[in-house]
Amino acid sequence: MSAFLQTILTPDFVFTVIRVMTPILFAALSCMVFTKGGIDSIGIEGIMLICSMTGPVFSYLTQSAIGGVIGAIVTGILLAFLFGYVTLQLKAVEILAGIALNTMASGLTIFVIYYVAGEKGSTQSLFSPVVPNIEIPVLSSIPILGDILSGHNILTYLAIILTFVLAYVFYSTPLGLRIRSVGENAQAAASVGINVMKYKYITLAIAGTLAGLGGAFMSMGYVSFFSKEMIAGRGFIGMAAEAMGMGNPFGIFLASGLFGIADSLAVRLQLLNFPTQLIQTIPYMITIIAISIYSYKRSKREKKL
Amino acid sequence: MKKRILTVLLAGAMAISMLAGCGSGSAETTDGTTAEGALSAVFVVTGQLGDKSFNDSANAGITKMAETLGCTTKVIEIGRDQTKWQPTFEDLAEEGAYDLIITNGSNAGELVLSIADMYPEQKFVLFDMEMEGDHPNVYAISYEQNEASYLAGVLAAMVTESDMEFANADKKIGFVGGDEHPIITDFLVGYIEGAKSVDPDIKVYVSYIGSWDDTAKGKEMAIAQYNQGVDIIFPAAEQAGLGCVEAAVEMGKYIIGVDSDQAMLFDGVSEEKANAILTSVLKEVGNSLVRAASMEMEGTLPWGTFESLGLAENGVGLADNTYYQANVPDDIKAAVEAAREEVSSGAVTVTSALHADDATSQAIIDSVAP
């Protein structure tokens, strides 16, 4: 037990949690925006995967990390628009369009990297600049706190900042109010003169940007190259985190943190000779437990209404 | 329009390269005086070339068969769509234009065995497969990855106890697997036995990523092990293992590659990654195919059986490249060479997780648990 506590009660462990939760936070924030705008977010996994491929590719082509991140964001927006066009204008079923997007992403990414890098597994043979980690001046010199909070990737800090920005936008600006009203009841919004399509596409652009950043973090921050299927379910975990956080940016932040803890714990416990099979189920058990609690609370709240 | 020109150019280039291939092939057989011994072989790629792994290694072997043995060879890529595999193999067997049909047994083994039974006149060679049952016209090759892993274990144990730049005082080495799987356990058991042959008290940290693709999680696994004082890790986890390489570079540690000569993949791209990969454990698919072809020409290939090729037959090995030569101290190279001799000659037998029972493998893993 003491070995267990020694493993998790370290600044290093908390640092790891923040790194692990970053892509989940981006995914969850993206899902939150989709959901607030009344659009299904099941395509998030595929959008993130394609963005995690275009990031290093554009970074390689422009030889600049900013070029790569912009490439990933633009890809994210275009894919979200594509999803929006197919579901909003052509009236395709959202779930089916999302699944199609996810399936397409697996094959398309491999096709493109083979064309660009001559390899089918990864872009490791391309020299693509990455987004750096940064030490925060004053903070890094504070004992423990500095070890935990300083030295993360720029995109990690961006994810945290964006949590606050989105909270402000959605609850304190007319734009946020209109997106939410379009999402909750498009006809009612239209009746008071809101251009529904315009706000749907603004929603898609914001959600696509966040998914693009999440993808870029995976291949330009977490590791320095794209490899096939590298999102590995983080988009779907993001959907669960969004549900668990009840659509509230800060709730989502905490939920992402919980998944970060579960994942980091799974990594550490293996080294303490806990049975591997059991440990690998931890993140999923937490998902099920958390969603059960969430659903229970929601059903109780709905009964009250 | 541009695209169309490109397409035409590419098609032209492909046609020319194919003609060139035919030209040299037929020239060998017509000019060669011992044409009656030469074979014709077709390599059916289940998937595509360019995987920097098995298929490319096999393709290199096919090229070598044409160059050194004078075989007439052809390579057909049939993609991943399994519905197209059966007709291709049936057509080739029906046609009977090639002496040997060669393919990857771990992908298409079952299918090929059923077709082989229908066409007893056609001979098939399946690599990376342990064949069961009675198939007199099939020859299968499997690879003893435990023997090459044994050498990797010797190297890792020597490195962690050396005064190399990134080696620390702890006698700890690491292993990261994609998932618990018999072949991965085979890698692990060989690795542990090699390490124990150097130092019986060595500790081996073992983690499983639970995925073959999750590079980021692979990196986390490696970081966690390196933080425990491990200074060299052997990841057997396909793409996910690339994350371990990344962790090694960032933390200033060592890594042993797998499946392909990974250091050479980074040659000229990232010197620091290439330098972190001391060597790689290889299955020499190409060598084994050349061996099979030359045995067939001598009439000694044991049809109807499978052979496990280890270090003695050059079926597996450690990558020896410029980075290995530059980064690994001479005494470690000598120790690895000595171990290779011992295993090849049969003086040392490496346990195989594929043939031993689970309890034996588990006991070996537990014996070095930290």
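Visitor: What distance separates the centres of domain 1 and domain 2 of chain B?
Guide: The model is a predicted one. Its domain assignment divides chain B into domain 1 (10-143 + 284-309) and domain 2 (145-282 + 316-366). Taken over C-alpha atoms, the separation of the two centres is 31 Å.

Visitor: How many residues does each domain of chain B bring to the contact?
Guide: The contact draws on domain 1 and domain 2 of chain B. Domain 1 gives six residues and domain 2 gives nine residues.

Visitor: Where does the largest pocket lie with respect to these domains, and why?
Guide: The largest pocket has a volume of about 1500 Å³. Among its 44 lining residues, the closest to the centre are B:Ser53, B:Phe54, B:Arg80, B:Glu238 and B:Asp259. Both domain 1 and domain 2 of chain B give residues to the lining, so the pocket lies between them.

Visitor: Which helix supplies the largest share of that lining?
Guide: Several elements each supply at least two lining residues, including helix 5 (94-117) of chain A and, from chain B, helix 2 (54-69) and helix 6 (182-198). The largest share is three residues, and these come from helix 6 of chain B.

Visitor: How many residues of the lining are nonpolar, polar and charged?
Guide: The lining of the largest pocket can be sorted by residue class. The counts are 14 nonpolar, 19 polar and eleven charged.

Visitor: Which strands stand at the edges of the parallel sheet of chain B?
Guide: This open sheet has six strands in the order 2-1-3-4-5-11, with parallel pairing. A strand at the edge has a single partner strand, so one of its sides is left without a neighbour in the sheet. In this sheet of chain B, that applies to strand 2 (72-77) and strand 11 (306-309).

Visitor: Which residue stands opposite B:Ala41?
Guide: Strand 1 (residues 40-45) of chain B pairs with strand 2 of chain B in the parallel sense, over six bridges. Opposite B:Ala41, in strand 2 of chain B, stands B:Thr73.

Visitor: What angle does helix 4 of chain B make with strand 4 of chain B?
Guide: Helix 4 of chain B packs on the sheet and touches strand 3 (100-104), strand 4 (123-127) and strand 5 of chain B. Its direction and that of strand 4 of chain B make an angle of about 160°.

Visitor: Which are the edge strands of the mixed sheet of chain B?
Guide: Six strands of chain B form this open sheet, in the order 7-6-8-9-10-12. An edge strand here pairs on one side only. The edge strands are strand 7 (203-208) and strand 12 (316-318) of chain B.

Visitor: Which residue stands opposite B:Ile256?
Guide: Four bridges join strand 9 (residues 254-258) of chain B to strand 10 (residues 277-283) of chain B, in the parallel sense. Opposite B:Ile256, in strand 10 of chain B, stands B:Thr279.

Technical notes
Residues are numbered from 1 along each chain as its sequence is written. Chains are lettered from A and ligands numbered from 1 in the order in which they are written. This is a predicted model: local features need pLDDT of at least 70, side-chain atom pairs count only at pLDDT 80 or more; totals for chains, interfaces and linings use all residues. Side-chain values use heavy atoms; hydrogens and water are left out. On a 1 Å grid over the protein atoms alone, a cavity is a set of points where a 1.4 Å probe fits but cannot get out, and a pocket is an open set with protein on both sides within 12 Å along at least five of seven lines; lining residues have an atom within 4 Å of a point. Grid points are joined across faces, edges and corners, and a volume is the space filled by probe spheres set on the points. Ala, Val, Leu, Ile, Met, Phe, Trp, Tyr, Cys and Pro count as nonpolar, Asp, Glu, Lys and Arg as charged, and the others, Gly among them, as polar. Domain bounds come from an automatic or database domain assignment. Two strands pair if DSSP finds at least two bridges between them. Contact means heavy atoms within 4.5 Å. Axes are lines fitted to C-alpha atoms, for helices over the stretch in contact, and angles run from 0 to 180 degrees between N-to-C directions.
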